[in-house]
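The report that follows walks through a structure for a reader who meets it here without earlier acquaintance. It takes up backbone details, single residues, the contact between chains and the empty spaces, in that order.

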Amino acid sequence: MSVIIVKEKYASKVGEVVLGATSDQGGTRTSTVTVGGDSTLPYLHFEGKMPNRPAIAMEVNDIPPTWSEALTKHYGDVFNSPAAWAKKCVEFGADLIYLKLDGADPEGLNRSPEDCARVLKEVLGAVGVPIIVEGCGDIAKDNEVMAAVAEAGAGENLLLGVAEQDNYKSLAAAAMVHKHTVIARTPLDINICKQLNILINEMGLPLNKIVIDPTVAGLGFGIEYVYSIMERARLGALGNDKMLAMPIVCNVGFEANRSKEANMSNADAPQWGDLDERNIMWEAVSASTCLQVGAAILLMRNPIAVSLTKKNIDELMSV
Amino acid sequence: MIIFGERINGMYTDIGDALRAKDPKPLQYWATKQEEGGAHYLDLNSGPAIPKEERAEAYEWMVKVVQEVSELPLVLDSTNYDAIEAGLKLCKRPAIINSVDAEPDKMERVFTMAMEHNAGVVGLCMNKKGIPLDHDLRVAFAMEIVATADAYGLPMEDLYIDPLILPVNVAQDHALQVLETLRLVKTLSNPAPRTVLGLTNVSQKSPANITNLLNRTFLAMAVSAGLDAAIMNANDDELVDIAASTEILLGHKIYADSYLKVFRAR
């Protein structure tokens, strides 16, 4: 007796978003990255299409990071030069660079918006892949910094982060004026996620210029809940909810690496196995969980975890 | 919730006069206004304003002038299938034929036409003997239409079963039967067809101060029983708000504070 495969039919699909711009398109990138466009639940290739591979962006900071030695050992002597760091990430296989401007933090180095814009220019000059840029997390400062960054990268179709419910207007305006895309971040709340997309869209930024960051968690810190939120967004997108149909970005590198499991030394946690391996696996497994539920862009740190994740994507995409 | 704007109907004086005088303005005014109100489709019905032999030409004209101002897909509402077919040929987007009952000869004509023009169909729960009171018979007619549509290959999302609501002031017993019909139509076939009502009929000839209330109340009740679409007043803002709110409360759409705006966005 033959088995009949039951196929679900969906009314719509995840929107496609293009990141970066080549010289023909007003930028200087040597390639662009297209994400989204999925017309099925993740990787059910028999039901619908997954036209674009999930992309991996590797994190670069404008100042030397306070990362664990388990991470920094892979990089060598690049942390004083964001440009060199970015190049290294491209060698590791990054599809995009995720430039985090922690140096702007008023509680830290308090770098000026002009300094931040200069760092972006250096990174743009050093690599050809599209760039994601995020401020330091201080709302007032980020509004100044991101305005300068958006202007300095005009035409590059940067992915700018982050727009939040209480602070989205200046970033969305900067993106509209200088032709960029924005990350809309909400705190693990599907209703606010949808509302923020509506608010940004109402300002005049088209839906294909928004990427959703639902806020993720690392393995062991509520990743199941992340999964359920992302699943609802995906089902919404497939059910023709245009306000939830944007591709999703997941900051797994940051989340996985702030867990104690990814950091505690072998001496302090002998029962957990070798730290180097733990650090890799914590990030790789967090990434693969997000992929399973439809992440389109993964922000990552550990190059070995990146290479494992790319292998995972190869397998998921092969039909 | 899918809203068919009901206002372009020759039963209304301004539209009747416009049809006779071939004046596109009132039709175009209501096309735009209903689209702004929240309509997803525009129902076009010449009513008795135009003599039978001129109906085909009238539907061609209605389709043409409405499409000049609105991108919305159309619902061609007539018992005259020659008129509907003439209109269908000019529709830019897949239209809906409104309507057919459970009579085999009519179904043959309508479903053939629907398949040829990639159109949807409204199927009425009645036959030549009229509208039954009991939900049992209404459901039986619905299932005949569902089976026929399926035999012609019409996808169930393009079939709209209309259980037929009558005015509550003269036919109070029908509302409950309609609700029961909606429930059963949604459970008896898989995939289930869509459902639709000529909502305003429920308040026909009731005093003006309660017509909106009746329409709004019955819409909420009917959606809860399984209604997917309504031929209704797309410019009663509260009625449209209720349509949007039912989607949220039944979990068909994900809540966001601005859901009313999103519902109206095109």
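## Backbone details and the spaces within

In chain B, the loop between α7 (174-188) and β7 (194-198) holds B:Pro191. The model is a predicted one, and the values given for this residue and for the others below are computed from it. The peptide bond that leads from B:Asn190 into B:Pro191 is cis, and its omega is near 5°. B:Pro191 counts as exposed, because its relative accessibility is 55% and the cut-off for that word is over 50%. Measuring from C-alpha to C-alpha, B:Pro191 and B:Gly47 are 34 Å apart in space, while 144 residues separate them in sequence.

Chain A has a cis peptide bond as well, and this one joins A:Gly161 and A:Val162 with an omega of about -5°. A:Val162 belongs to strand β6, which covers residues 159-163 of chain A. As background for these bonds and for the angles that come next, most peptide bonds are trans, and most residues other than glycine have a negative phi.

Two residues of chain A that are not glycine have a positive phi, and the table sets their angles side by side.

| Residue | Phi |
|---|---|
| A:Leu188 | near 50° |
| A:Asn240 | near 75° |

A:Leu188 is found in the loop that runs between β7 (181-185) and α6 of chain A, and with a relative accessibility of 22% it counts as partly exposed. A:Asn240 sits in another part of chain A, in the loop between α7 and β9 (249-250), and it is also partly exposed, its relative accessible area being 36%.

Where in chain A does A:Asn197 lie? A:Asn197 is part of helix α6, which is made of residues 190-202 of chain A. With a relative accessible area of 0%, A:Asn197 is buried, since that word applies to values under 20%. The side chain of A:Asn197 reaches the backbone oxygen of A:Met243 at a distance of 2.9 Å. When neighbours within four places in sequence are left aside, A:Asn197 is in contact with A:Ala184, A:Ile210, A:Ile212, A:Met243, A:Leu244 and A:Met246, so that A:Met243 appears both in this list and as the residue whose backbone oxygen the side chain reaches.

Helix α3 of chain A, residues 113-126, contains A:Asp115. A:Asp115 is partly exposed, with a relative accessible area of 28%. Between A:Asp115 and A:Val145 there are 9.0 Å in space, C-alpha to C-alpha, although the two are 30 residues apart in sequence.

The two chains also meet one another, and here 12 residues of chain A are in contact with 9 residues of chain B. About 920 Å² of area is buried between chain A and chain B, and carbon and sulfur atoms give 56% of it. Of the area that chain A buries against chain B, 42% is supplied by A:Asn191, A:Lys194 and A:Gln195, which is more than any other three residues supply.

The last topic is the space left between the atoms.

How many cavities of 30 Å³ or more are there? The count comes to 1 cavity of that size, and about 160 Å³ of space lies in the largest cavity. The lining of the largest cavity is formed by 23 residues, and those nearest its centre are A:Val14, A:Asp38, A:Arg234, A:Gly294 and A:Ala296. Two elements of chain A, β2 (33-36) and α7 (223-238), give two or more residues to this lining, and it is α7(A) that gives the most, with 4 residues. Sorted by class, the lining of the largest cavity has 17 nonpolar, 3 polar and 3 charged residues.

The second largest pocket holds about 1,200 Å³ of space. It is lined by 44 residues, and the closest to its centre are B:Asn9, B:Asn45, B:Asp77, B:Asn201 and B:Gln204. Elements of chain B that give two or more residues to the lining of this pocket include β1 (2-9), α2 (24-37), β2 (41-45), α3 (55-69), β4 (96-100) and α8 (208-225). By class, the lining of the second largest pocket has 16 nonpolar, 19 polar and 9 charged residues.

Conventions
Residues numbered from 1 in each chain as written. Chains lettered and ligands numbered in written order. Predicted model: local features only at pLDDT ≥ 70, side-chain atom pairs only at ≥ 80, totals over all residues. Heavy atoms only, no water. 1 Å grid on protein atoms, 1.4 Å probe; cavity = no way out; pocket = protein on both sides within 12 Å on 5 of 7 lines; lining within 4 Å. Points joined across faces, edges and corners; volume = space filled by probe spheres on them. Nonpolar A, V, L, I, M, F, W, Y, C, P; charged D, E, K, R; others polar. Buried < 20%, exposed > 50% of the residue type's maximum accessible area, 1.4 Å probe, protein only. Polar contact = N/O pair within 3.5 Å; in protein donor to acceptor, adjacent residues only side chain to side chain. Contact = heavy atoms within 4.5 Å. Buried area = accessible area lost by both parts, 1.4 Å probe.
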